[in-house]
Structure formats: structure tokens, C-alpha cells
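Before the note begins, please have the sequence and the structure open side by side. The points below go from the overall fold to the two main pockets.

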Amino acid sequence: MSKPETPAEVDYRLRTEARAKQLAEQIQKSLPPGIGFSLFLFTFGEHDEPAQHLAYISSGKREDMIATVKEWLARMERGT
């Protein structure tokens, strides 16, 4: 079980999520109809540790984006 966020962590997360939403609006406006996107914003972990902070935005439905990320991971692992 993860520990509760500190007030500073909550503030950081909310600011990052707000900025991600602004970026999503800009990205969507610049894309032609029918093109979707997803964007991950994260802090780099030290020494192969996972990211401490992660924000995700997407123009797609959750289930569609899960399938898309799985496909992307499979392609990355195959090197294609």
C-alpha cells in the first residue's frame, strides 16, 4: 500500500495535471480529425527506480488507450 501524499506532493501533482491538460488542448487543436494521442509526463527516477510522479492524458477512451499502449510495448520489445 502506498503512503499518503504530502501537501507538497498534492500541489506538485495538481500543477502537473493542470499543465498536462493545457498541453492536451494544444495538441488536439493541432491534429487533423481522426488522429488520437496520449502523453505521459513523469519525473525521472534515480538508479532505475520508477518515476515518483506521473501524469497521463489522452484523447482516447481508456480501454482503447490500454490496447494502444500494449501494442506499442509489443512493438518496442520487437524493435519494430
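**Notes on the fold and its pockets**

1. Read from the start of the sequence to its end, the protein follows the pattern α-β-β-α, and its secondary structure comes to two helices and two strands. The model is predicted, and the remarks that follow should be read with that in mind.

2. On overall dimensions, the protein has a radius of gyration of 15 Å, whereas a compact globule of 80 residues would have one near 12 Å. Taken along the principal axes, the box filled by the C-alpha atoms is roughly 40 × 30 × 20 Å.

3. How much of the protein counts as buried? The share is 11% of the 80 residues, where buried stands for a relative accessible area under 20%. The accessible surface comes to about 7000 Å², and carbon and sulfur atoms account for 58% of that surface.

4. As for contacts along the chain, if one takes those between residues at least 6 apart in sequence, 27% of them join residues that are at least 24 apart.

5. The largest pocket holds about 300 Å³ of space. Its lining is made up of 16 residues, and those closest to the centre of the pocket are Glu5, Glu9, Gln52, His53 and Leu54.

6. Which elements each supply at least two residues of the lining of the largest pocket? They are helix H1 (7-30), strand E1 (38-42) and strand E2 (54-58), with H1 giving the largest share, namely five residues. Sorted by class, the lining of this largest pocket has six nonpolar, five polar and five charged residues.

7. The second largest pocket holds about 160 Å³ of space, and the residues that line the second largest pocket are Phe40, Tyr56, Arg62, Met65, Ile66, Val69 and Lys70. Helix H2, which covers residues 62-78, gives the most to this lining, with five residues.

8. What classes of residue make up the lining of the second largest pocket? The lining divides into five nonpolar residues and two charged ones, with no polar residues, while the lining of the largest pocket does include polar residues, five in number.

9. To draw the two pockets together for a reader who is looking at the model for the first time, H1 is the element with the largest share in the lining of the largest pocket, and H2 is the element that gives the most to the lining of the second largest pocket.

Terms used
Residues are numbered from 1 along each chain as its sequence is written. This is a predicted model: local features need pLDDT of at least 70, side-chain atom pairs count only at pLDDT 80 or more; totals for chains, interfaces and linings use all residues. Side-chain values use heavy atoms; hydrogens and water are left out. On a 1 Å grid over the protein atoms alone, a cavity is a set of points where a 1.4 Å probe fits but cannot get out, and a pocket is an open set with protein on both sides within 12 Å along at least five of seven lines; lining residues have an atom within 4 Å of a point. Grid points are joined across faces, edges and corners, and a volume is the space filled by probe spheres set on the points. Helices (H or I, at least four residues) and strands (E, at least two) are DSSP runs, numbered from the N terminus. Ala, Val, Leu, Ile, Met, Phe, Trp, Tyr, Cys and Pro count as nonpolar, Asp, Glu, Lys and Arg as charged, and the others, Gly among them, as polar. The radius of gyration is taken over C-alpha atoms; the globule rule is 2.2 Å times the number of residues to the power 0.38. Buried means under 20% relative accessible area, exposed over 50%, partly exposed in between (1.4 Å probe, protein chains only). Contact means heavy atoms within 4.5 Å. Accessible areas come from the Shrake-Rupley method with a 1.4 Å probe; for residues, only the protein chains shown count as cover.
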